[in-house]
Amino acid sequence: MNNKVLNNRAWLLVLPMLVLVAFSAIIPLMTVVNYSVQDVLGPNARFFTGTEWFHSILNDSALRDAFVRQILFSLTILAIQVPLGIGIALIMPKRGWQASAVLILITLPLLIPWNVVGSIWQIFTRGDIGLMGYGLRELGINYNITRNSGDAWATSIGMDVWHWTPLVAMLCYSGLRSIPEAYYQAARIDRASKWAIFRYIQLPKLTNVLVIAVLLRFMHSFMIYAEHFVLTGGGPGSSTTFLSQSLATMAIGQQDLGPSAAFSIIYFLVILLVSWVFYTTIMHMQKDKNPHGGA
Amino acid sequence: MAEITLKGLAHSYSKTPSSHSDYAIRQMDHVWHQGGAYALLGPSGCGKSTLLNIISGLLEPSEGDVLFDGHRVNELPPEERNIAQVFQFPVIYDTMTVYDNLAFPLRNMNTPEYKVDPKVREIADILDLTPLLSRKAKTPTADEKQKVSMGRGLVRVDVSAILFDEPLTVIEPQLKWKLRRKLKEIHERFNITMIYVTHDQLEASTFADKIAVMYDGQVVQFGTPRELFEKPAHTFVGYFIGSPGMNFLSVSHQAGKVMFGELPLPVNEAVSRSVAAAGSSNIKLGIRPEFITVSNSPEPNSVPIEVVNLQDLGTYSLLSFTLNGQLFKARLPEGHAPVGDAAHAVFSDQHIALYVDEYLVEIGHE
C-alpha cells in the first residue's frame, strides 16, 4: 500500500486537458470578464471601472423589458410545445412504413437552418406575396407583423412552435415506444379508460424525456436570435426585441464593449441559474416520490 | 363466473397459414368448468400464452370460437369480457400508492368507495400487503410488486375467470410456495375459475385440480396430476411429467416377438398382441423409471443391461443404464442392494404403456 511514488511532476499530465479547456472556455470567458470591468477607449486608453457597467446594465429599463419579454416568450412556447409535442407523439403511428414516413415528415422543420426559417416565415407572412399574410388579408383580418405588435408576437411564437415542437414530439415518441406492451395489456384487463392509461402509464413513463425536452427548449428559446432577427427585426418598435438581439445591437452595432461584456455575463448567469433551479426542482420532486430511498 | 368453452379453436400469427407448423395453436376443443383450478402446462413456445391471451381477449383467434357460458365472445375486447389476468412480469402503476393500485380496477368500474375499501383491505390482508398500502407502488421489491399485480387481478369478485401467465417467475423460491398456497386459498374462498400457465410440473400439480398439458400447439392431455403420471396419453406427457420422465423403447413386431432393435423383449402375451395389432411403424413402449427393477443375477423375463452410473438422491437412487445402446433411467428405492456393472432389469408388465404414433393405446389385459 505504501509503495506509491510521490512525484509532483505527475501534475504535468493534467496540462494538455487544462490547455484545451483554457482555449475552449476559460480564455474567451475571461476576455469578456476583462472587458466588463474596463472602459476601453482605444488601444492605449483604458480605465478600470469596477462594477459600473453591471450597475448600469441592471438599471437599464430597455434591457429589463427585453428580459421580461424573453421570460414571457420562453414560458409561452413551453406551454404550447410540451402539450402539443405529447399530443403529436400519442397519435403518431406505432409501426410499419407509416411510422417511418411520419417520423421523417415531422423532423423536417428541425433540419432547416435558423435564418432560413426566419426568411421562410418572413415571406410567408407578407401581405402581398405571402400565403398566410395574403390569405388573412383576404379574409378581412388586418394582419401585419411590421405594424401590429400583437401580430408580431403571435407570429414569433407560431414560428418557434413550428420549428421546435417536432423535437419535443420525437423525444416523447421515443419515450412512449419504450413502454412495454404488458402495461397496455394490463390496463385493458383493468378496464382503464384512455385517459387513465395516459395519466397513470404514459405520463409517468414520459417524465424523464420531458425533463430533457423542457430543459433543452428553455435554454434554446432563451437564446433565440436569428429567426426573430430575420422575421421581425425586434419590431415593431421594440415589441419583439429579446435579450440576444439587445446584446447584439449593443456589442456589434454600437461597439459598447464594456456594457455588452457585463450584459453577456449576466445573461449567462441567468440561464445557468434558471437551468439549475429547474433541474434541482425536478430531481427533488422525484426524490419526494420515493421517500424510502428505493432500497 | 362462467364456463369457458373453446370450440374448434386454432390460431396462427401468419395471415395465410398453409401447414401445421404455421399454427401457434392447432385446432382444439376444450371446456374449462366454472370454479375449477386449472393449470396449463408445457414447454416454452408450445402456445400456452397464446391460448391464455385468446381466452382473455388480448388476441383474437384466427379460427373457431371462444364461448363464455355459451355466448360467443370472439370479438369482445378484454374489458368487456370481465376477466382478470396476471402477467409474468409485474405491471404496477408506479405513481399511485399500493392502495390505489389495488383499487384501480374497481374504480374503473365506478364501484362506490364504500365497497372499494373493504375489498382492497381484504385482498391486501390475504397477500400480506397491508403495511404497504399507503406507500407509493414504486418502492416495493420485485415480489411485492408482483403481489400488487396479482392483487389487482383478485380484487374483482365477479370476474369470469382469473388467468395467470407464469406469475411466479420473478418470485424467490420460498415465497413461491407461500404464494401458491395463497392462490389456492383464494380459489377455495371465492370459487373463481383459475387458469394457471406454467412450465413447472410441480407448480402445476400443487395448484391445479386438473392440468392441461400442451405440446406443439395442442392440448395433448387433460387430467388430474395423478392421471398424468399414471396414464400419460401422449409420449410427451410421459417424458415431461415425472422426474425423470418415462423411458421409451421403439419396438416392432417380428415373427411373433416384440423386438427392440435386434433384441427380443420378454413381454407378456397381451402387450405382444397389442403391438402386433398396432399397424404403424411408429410404435413405442413406455415405462416409468419407478417400475423398472434391477438385480445382479438374471430373473424371469429380465434383460441384460450395462450400468452407466448410480446417483444417490437421498430418498431414492437414480440408476442410468444402457440397453441395446439406448440410455434408460431406473429409480431404485432407498437401501437397494448395490448393483454391478453388468446387471439385469425387469420391466413391470402391468406398467408398460403402448404408444402408437405418439398416442396411448390401451393394452387389452386379460
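In this predicted model, the loop that links strand 9 (210–215) to strand 10 (218–223) of chain B holds B:D216. The backbone does something a bit unusual-looking on paper here: phi of B:D216 is near 55 degrees, a positive value in a residue that isn't glycine. As for its surroundings, B:D216 has a relative accessible area of 45% and is therefore partly exposed, since that class runs from 20% to 50%.

B:E166 makes a good partner for that example. Its phi is near 45 degrees, again positive and again in a residue other than glycine. B:E166 also sits in a loop, this one between strand 7 and helix 6 of chain B. Buried or exposed, then, is B:E166? With 11% relative accessibility, B:E166 counts as buried, because the cut-off is under 20%.

Follow the chain onwards from that loop and helix 6 of chain B comes up, covering residues 173–190. How well does the length of this helix fit its number of residues? Its 18 residues, at 1.5 Å each, should span 26 Å, and the C-alpha atoms at its two ends are 26 Å apart, so the two values agree. Quite a few of its residues are tucked away: B:L175, B:L179, B:R180, B:K182, B:L183, B:K184, B:I186, B:H187 and B:F190 are buried. A helix of this kind has a regular repeat to keep in mind. An α-helix has 3.6 residues a turn, so residues three or four places apart point the same way. The cover over the buried residues of helix 6 comes from several parts of chain B, including strand 3 (37–41), helix 4 (113–126), helix 5 (142–154), strand 7 (161–165), strand 8 (193–198) and helix 7 (201–207). Just past the end of helix 6, B:N191 takes a positive phi of about 55 degrees.

One more backbone detail in chain B is worth a look. The peptide bond joining B:S243 and B:P244 is cis, with omega at about -5 degrees. B:P244 belongs to the loop between helix 9 (235–240) and strand 11 (247–250) of chain B.

Over in chain A, A:Q38 is part of strand 1, which takes in residues 38–42. A:Q38 counts as buried because its relative accessibility is 11%, under the 20% limit. What does A:Q38 touch, leaving aside neighbours within four places in sequence? Its contacts are A:R46, A:F47, A:F48, A:T49, A:W53 and A:G258. The C-alpha atom of A:Q38 is also 7.0 Å from that of A:G50, although the two residues are 12 places apart along the chain.

That leaves the meeting of the two chains. The contact uses 19 residues from chain A and 27 residues from chain B. Together the chains bury about 2200 Å², and carbon and sulfur atoms give 59% of that area. On the chain A side, A:R188, A:I189 and A:R191 supply 35% of the area that chain A buries against chain B, more than any other three residues.

Charges and polar groups also meet here. The interface has three salt bridges, and one salt bridge pairs the side chains of B:D94 and A:K205 at 3.7 Å, N to O. Six residue pairs are in polar contact across the interface, both residues being at pLDDT 80 or more. The elements that give two or more residues to the chain A side are helix 8 (181–189) and helix 9 (194–222) of chain A. Helix 8 gives the most, with seven residues. Sorted by class, the chain A side has 10 nonpolar, three polar and six charged residues.

Terms used:
Residues are numbered from 1 along each chain as its sequence is written. Chains are lettered from A and ligands numbered from 1 in the order in which they are written. This is a predicted model: local features need pLDDT of at least 70, side-chain atom pairs count only at pLDDT 80 or more; totals for chains, interfaces and linings use all residues. Side-chain values use heavy atoms; hydrogens and water are left out. Contact means heavy atoms within 4.5 Å. Buried area is the accessible area (1.4 Å probe) that two parts lose on being put together, summed over both. A salt bridge is a side-chain nitrogen of Lys or Arg within 4 Å of a carboxyl oxygen of Asp or Glu. A polar contact is a pair of N or O atoms within 3.5 Å; within protein, one must be able to donate a hydrogen and the other to accept it, and residues adjacent in sequence count only if both atoms are side-chain atoms. Helices (H or I, at least four residues) and strands (E, at least two) are DSSP runs, numbered from the N terminus. Ala, Val, Leu, Ile, Met, Phe, Trp, Tyr, Cys and Pro count as nonpolar, Asp, Glu, Lys and Arg as charged, and the others, Gly among them, as polar. The expected span of a helix is 1.5 Å times one less than its number of residues. Buried means under 20% relative accessible area, exposed over 50%, partly exposed in between (1.4 Å probe, protein chains only).
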